[in-house]
Amino acid sequence: LFRSVITAPVGWRTGLVLFNVGILAPDLGDLVSASVPGFAPQMRSFGTFRMTVPAMYFTWFAVPLLPWLDFRAFAARWRAVAAPLFVAAAGVLLCLGPSQVWMFRWPLRHLPWTYLALAVVFAVLLSAGLRRDRQRLRWAVTAAGLVLAGYLAFAAWPKLLVLHGISVLLAAVLVAAVLRVRSSFVVLQVGTVLALVLQLCWFPVNRDVADYRFPSEVSRVRADFAALRGGTTVQVADRDAVPPEQIASGRAWRSLLFGNMPAVAGVSSVTAYTGIGHRRLHERLCLGYYGATCPDGYRRLWSVDEVGVPLAEQLNVRHVVVQRRLLDAPVPPPGWRVVQRDEVATRLDRDDPQLCPGGRVSVARGVRVRSCVQHGTRREDVRLDRRSGGELVFARLAWPGYRATVDGYPVPVRSTSAGLVAVPVPAGGAGTVRLSWSPPGYRACLVLAALGAVIALVGSSRKVVR
């Protein structure tokens, strides 16, 4: 979180604002029905106006067993669960809050860690044992809770009435079993498995996300895009421009890569899914979060800025794939040629050698590069011949955290208009430029982590007075 705040000024999709558009925003009624396995909440998602999976499900016994818990024994031990109680309360507030609060988008995404904290609290409550007195009243409250949860689930999606009825009936039978047997934990586990089996049968597919219909065979994907595995690729394409028949047949996915598929194919791609991209590069190439570009992306790729060379050269691009629906016949610039063309896309490859194959240096102005050596992904050494003074541009996004030295002396690091790292090089004889990156605030994070570990050890060593 600390590093995210530091990188936010140069990031894209950071959204340091407060607003509400109602997407993936549960309400209190959804929480009441969190014990109904067949409950599909009626909230806006990325696909439609309602969810198609039991996104709010917690556990089948949470609501039905509430009247049977021993809250008096729990009250004497509340200090032991103060932390998960606080986390759970904060999580519930975020789940019920606006669709974006500062850096946190889509309230439903807070649900897993909220439920984790609630599970800890619930486990402590169960460990205190179940109450057996005043059974008529407790059964009445349990029945009312199940009826209310079932009705709210029905109201959200009346078509699933049978599923809701089975869910409520199953919960009632299992609660009765829990109260009658000694090994109640066995019933809890068996019921959890039964609920999971029912959900897998009732909701086999999550249709609330983009339905790409990508191929499932990794070997096939890697074989189809083997030619792109040498060097960096830029794809000029848009998912919305893919005809439905090409998606249904899978033909589009033999020529185009969206989302995280470049990683599956082993392709180094500038146009891939990104949760938080670099703003300058995304504006320059009009990139979308899942790797799409606008139709003008091809022209922008060859545009020249203050660096003096096309953006494709600054990015060390080796392959360019252009969707024919966006640009049917792309004209290759000098040093490039069309190597493949099918009904979906055209592929261009670079003929000219890269400036420094062993590193990420893409442009050298006023200096002559002798060699480049990368040490992992976070450090690079560039050896130079005699220089008159100039600048090196690296095919690296200028996130905060970069440092550079020339012959051991620190020099400033700037960002180009396309968001790439640029290092000024003073005049002089042969020497070495070292570029390195470390996470912003790394040392401070280590100190805080160590402090947290000490507090945890001290806290865990204290005896809890019962």
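This is a short walk through two sheets, a helix pair, a pocket and a cavity in one model.

Okay, hi everyone. One thing before we start: what you have in front of you is a predicted model.

Let's begin with the sheet that has 5 strands. It's an open sheet, and if you read across it the order is 6-5-8-10-9, with mixed pairing. So what sits at the edges? Strand 6, residues 268-269, is on one edge and strand 9, residues 336-341, is on the other, and each of them pairs on one side only. As a quick reminder, strands of a sheet pair through backbone hydrogen bonds, and they can do that either parallel or antiparallel.

This sheet lets us look at both kinds. Take strand 5, residues 232-236, and strand 8, residues 317-323: they run parallel, and 5 bridges join them. If you want to find that pairing on the screen, look for Gln 235, whose bridge partner in strand 8 is Val 321. Keep those two residues in mind, please.

Now go over to strand 9. Strand 9 and strand 10, residues 345-350, run antiparallel, again with 5 bridges joining them. How many residues lie between these two strands? There are 3, and the two strands form a hairpin. A handy landmark here is Arg 341, which stands opposite Thr 346 in strand 10.

There's another open sheet to show you, with 3 strands in the order 2-3-4 and antiparallel pairing. Strand 2 (17-19) and strand 4 (104-105) are the edge strands, each pairing on one side only. Strand 2 is joined to strand 3, residues 100-102, by 3 bridges. Among the residues to click on is Phe 19, whose bridge partner in strand 3 is Gln 100.

Right, helices. Have a look at helix 7, residues 161-180, and helix 8, residues 184-202. They pack at an angle of about 170°, and their axes are 9 Å apart. How do the two run relative to each other? An angle over 145 counts as roughly antiparallel, and helix 7 and helix 8 are therefore roughly antiparallel. From helix 7, the residues that meet helix 8 include Leu 163, Ile 166, Leu 170 and Leu 174. On the helix 8 side, the contact includes Val 187, Leu 188, Gly 191 and Trp 202. By class, this contact has 11 nonpolar and 3 polar residues, and no charged ones.

Next, the empty spaces. The largest pocket holds about 720 Å³ of space. It has 26 lining residues, and the closest to its centre are Arg 360, Ala 395, Arg 396, Leu 397 and Trp 399. Which element gives the largest share of that lining? That would be strand 14, with 3 residues. Strand 6, strand 7 (277-278), helix 12 (279-285) and strand 14 (390-397) each supply at least two. Sorted by class, the pocket lining has 13 nonpolar, 10 polar and 3 charged residues.

And then there's the cavity. The count comes to 1 cavity of 30 Å³ or more, and the largest cavity has about 50 Å³ of space. Remember Gln 235 and Val 321? Both of them line this cavity, along with residues including Phe 225, Leu 257, Val 267 and Ser 269. The cavity lining divides into 5 nonpolar and 5 polar residues, with no charged ones.

So if you take one picture away, take that bridge between Gln 235 and Val 321, with both residues in the lining of the largest cavity. Thanks, everyone.

Key
Residues numbered from 1 in each chain as written. Predicted model: local features only at pLDDT ≥ 70, side-chain atom pairs only at ≥ 80, totals over all residues. Heavy atoms only, no water. Pairing = 2+ DSSP bridges. Helix = DSSP H or I, 4+ residues; strand = E, 2+ residues; numbered from the N terminus. Axes fitted to C-alpha atoms, helices over the stretch in contact; angles between N-to-C directions. Parallel < 35°, antiparallel > 145°, perpendicular 65-115°, else oblique. Contact = heavy atoms within 4.5 Å. Nonpolar A, V, L, I, M, F, W, Y, C, P; charged D, E, K, R; others polar. 1 Å grid on protein atoms, 1.4 Å probe; cavity = no way out; pocket = protein on both sides within 12 Å on 5 of 7 lines; lining within 4 Å. Points joined across faces, edges and corners; volume = space filled by probe spheres on them.
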